[in-house]
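Here are a few exercises to try with the structure open beside you. Have a go at each task before you read its solution.

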Amino acid sequence: HGATRHPLSRRRSSLAPFAGRPGGSGAAAPAQTARVLQLRVRAEIEEVGWGQLVSATGDDGVSCLTFRVMDEQRRHHLLEITLPMNYPACPPSIAADVPYLPKLQWSESSRLKDVLCQFQEHLKVLQDYWSTMDGIDKALWVVDPTKPTYAMSHHRIALGDDCYILLHVDTHKPNSLPE
């Protein structure tokens, strides 16, 4: 990549899980495979953009990458992508603070950018849900949760005189009457 270095490039140790462990008996082939995987993952992160990468950790052949993703309403979401030891033959698993996760479409030619694109599409589907929840938070006296997350679909609302109602919004039909 020439003489210029990306600011995160000095964090080589954070991507060490992709490098394999030096030494040990018969470790040459697994270390070589791990090196190839490390190079592939670095190239895939480059495709996505180093600016979106929040962290990269891992151990025992399983590695976890966390990316910052912004939705249409400029809400920030963290998408955690766990790469299995036999990535890309096996799909990664994902975790995020959303009410439900998308089912990833995956093939051996899929890349990290495909995971992020699928997550972006999933966030588009959830926009009405979050707008509904934002409206509830603004218009009603929400007592629980005190700090709601993007995954929470219920709120306890104070009606007055020590009377409360538990409101549950359907994440798939947020504009329908809540339970």
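**Exercise 1: a strand and its partner**

Find which residue in β4 is the bridge partner of T82.

*Solution.* Step one: locate the two strands in this predicted model. β3 covers residues 76–83, and β4 covers residues 93–96. Step two: check how they run. The two strands are antiparallel and joined by 4 bridges. Step three: look across from T82, and you land on S93 in β4.

Now sort the residues of β3 by face: which are on the covered one, and which on the uncovered one?

*Solution.* Go along the strand and split the residues into two sets. H77, L79, I81 and L83 belong to the covered face. H76, L78, E80 and T82 sit on the uncovered face, so T82, the partner of S93, goes in this second set.

**Exercise 2: the core**

Work out which residues of the largest nonpolar core touch the most other members.

*Solution.* Start with the whole set: this core has 31 residues. Then pick out the ones with the most neighbours inside it, namely I45, L65, F67, L79, I81 and L112. Next, ask where the core comes from. At least two residues each are supplied by α1 (28–48), β1 (53–59), β2 (62–70), β3, α2 (112–125) and α3 (127–139). The biggest giver is α2, with 5 residues. You've met L79 and I81 already: both are on the covered face of β3.

**Exercise 3: two cysteines**

Decide for C64 and C117: buried or partly exposed?

*Solution.* Buried means under 20% relative accessible area. C64 comes in at 15%, so it counts as buried. C117 has 48%, so it is partly exposed. And the disulfides? A pair needs its sulfur atoms within 2.5 Å, and the count here is 0.

**Exercise 4: the whole chain**

Say how many helices and strands the protein has, and in what order they come.

*Solution.* Count first: 3 helices and 7 strands. Then read from the N terminus, which gives α-β-β-β-β-α-α-β-β-β. To finish, add the burial figure: of the 179 residues, 35% are buried.

**Exercise 5: how sure is the predictor?**

Find where the pLDDT is below 50.

*Solution.* Begin with the overall picture: the average pLDDT is 83, and 80% of the residues score at least 70. Then look at residues 1–27, where the pLDDT is below 50. Beyond near neighbours in sequence, that stretch has 34 contacts in the model.

Terms used
Residues numbered from 1 in each chain as written. Predicted model: local features only at pLDDT ≥ 70, side-chain atom pairs only at ≥ 80, totals over all residues. Heavy atoms only, no water. Buried < 20%, exposed > 50% of the residue type's maximum accessible area, 1.4 Å probe, protein only. Pairing = 2+ DSSP bridges. pLDDT = per-residue confidence, 0-100. Contact = heavy atoms within 4.5 Å. Core = buried A, V, L, I, M, F, W, Y, C linked by side-chain atoms within 4.5 Å.
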